[in-house]
Amino acid sequence: QVRLVESGGGSVQAGGSLTMSCAASGRYTMAWFRQAPGKEREVVATIRYRGGRPWYSDAVKGRFTLSRDSDEFTVHLTMDRLKPEDSAVYYCAASVGLTPARVAEEYEYWGQGTRVNVTA
């Protein structure tokens, strides 16, 4: 049974920072998605296991940083210079595939979702 446990998130003023973590029960290709009210779920960042550089969506590139612990079980999403439009429920996702996909359908396992609220 694959388990993903998210932590972090919360509320912050625009320009502030938050960090979220996702602890997996194994080593997987990981991603963060987000879904704002009335919008489709969108990919934020991805990272494969066994090394590899993270990938970021244009909306967060330069502001968000995705990293993983040396044991590769846990990933961290550090979000800087947050904007109100970053407000959403953020989901950690995991896939057994080696190539980090950018669509939700390619991820087999999902975290419980963590709300991020950025106030103007």
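This passage walks through the strands, salt bridges, cores and two serines of a predicted model.

A good place to begin is the open sheet, in which four strands follow one another in the order β1-β3-β8-β7 with antiparallel pairing. The edges of this sheet are taken by β1 (4–8) and β7 (64–68); each has a single partner strand, so one side of each is left without a neighbour in the sheet. On average, neighbouring strands here are turned by 15° against each other, direction ignored. Within the sheet, β3 (residues 18–24) and β8 run antiparallel and are joined by six bridges. Leu18 offers a handy landmark for this pairing, as Leu18 stands opposite Met79 in β8.

Strand β9 (88–95) comes after β8 (74–79), with a loop between the two. Burial is a clear feature of β9, since eight of its eight residues are buried. The strand also has several pairing partners, which can be taken in turn. With β4 (residues 29–35), β9 runs antiparallel and shares seven bridges; here Tyr90 of β9 is found opposite Arg34. With β11 (residues 114–119), the pairing is again in the antiparallel sense, over three bridges, and Val89 has Arg115 of β11 as its bridge partner. With β10 (residues 109–110), there are two bridges and an antiparallel run, and Ala93 faces Trp110 of β10 across the pairing.

The loop that leads into β9 repays a closer look, starting with Ser87. This residue sits in the loop between β8 and β9 and has a relative accessible area of 18%. Because buried means under 20%, Ser87 counts as buried. The side chain of Ser87 reaches two backbone atoms: the oxygen of Pro84 at 2.9 Å and the nitrogen of Val118 at 2.8 Å. Leaving aside residues up to four places away in sequence, Ser87 touches Ala36, Val116, Asn117 and Val118.

Asp86 lies in this loop as well, and it brings the salt bridges into the picture. The structure holds four of them. In one, the side chains of Asp86 and Arg34 meet at 2.9 Å, N to O. Arg34 belongs to strand β4, so this pair ties together parts that are 52 residues apart in sequence. Both Asp86 and Arg34 are buried. Asp86 also forms a salt bridge with Arg63, where the closest N and O atoms are 2.7 Å apart. Arg63 lies in the loop between β6 (55–56) and β7, so this pair links parts that are 23 residues apart in sequence. Arg63 and Asp86 are both buried. Through shared partners, salt bridges join Arg34, Glu42, Arg63 and Asp86 into one network. The salt bridge between Asp58 and Lys61 has its closest N and O atoms 3.4 Å apart; Asp58 is exposed, and so is Lys61.

Attention now turns to the nonpolar residues. In soluble globular proteins, nonpolar side chains tend to be buried together. The largest nonpolar core in this model has 28 residues, among which Met30, Trp32, Leu77, Met79 and Tyr90 touch the most other members. Two or more residues of this core come from each of β3, β4, β5 (42–47), β7, β8, β9 and β11. Leu77 illustrates how these contacts reach across the sequence: not counting residues up to four places away, Leu77 touches Leu18, Thr19, Met20, Trp32, Val44, Ala45, Phe64, Thr65, Leu66 and Tyr90. There is also a second, separate core of six residues, including Ala31, Val43, Ala93 and Tyr107. Ala93 has already appeared above, as the residue of β9 that stands opposite Trp110.

Finally, Ser11 can be set beside Ser87. Ser11 is placed in strand β2 (residues 10–13) and counts as exposed, at 58% relative accessibility, whereas Ser87 is buried. Ser11 and Val89 are 78 residues apart in sequence, with 12 Å between their C-alpha atoms in space. That brings the account back to β9, where Val89 has its bridge partner Arg115 in β11.

How values were computed: Residues are numbered from 1 along each chain as its sequence is written. This is a predicted model: local features need pLDDT of at least 70, side-chain atom pairs count only at pLDDT 80 or more; totals for chains, interfaces and linings use all residues. Side-chain values use heavy atoms; hydrogens and water are left out. Buried means under 20% relative accessible area, exposed over 50%, partly exposed in between (1.4 Å probe, protein chains only). A polar contact is a pair of N or O atoms within 3.5 Å; within protein, one must be able to donate a hydrogen and the other to accept it, and residues adjacent in sequence count only if both atoms are side-chain atoms. Contact means heavy atoms within 4.5 Å. Two strands pair if DSSP finds at least two bridges between them. Axes are lines fitted to C-alpha atoms, for helices over the stretch in contact, and angles run from 0 to 180 degrees between N-to-C directions. A salt bridge is a side-chain nitrogen of Lys or Arg within 4 Å of a carboxyl oxygen of Asp or Glu. A nonpolar core is a set of buried Ala, Val, Leu, Ile, Met, Phe, Trp, Tyr and Cys residues joined through side-chain atoms within 4.5 Å.
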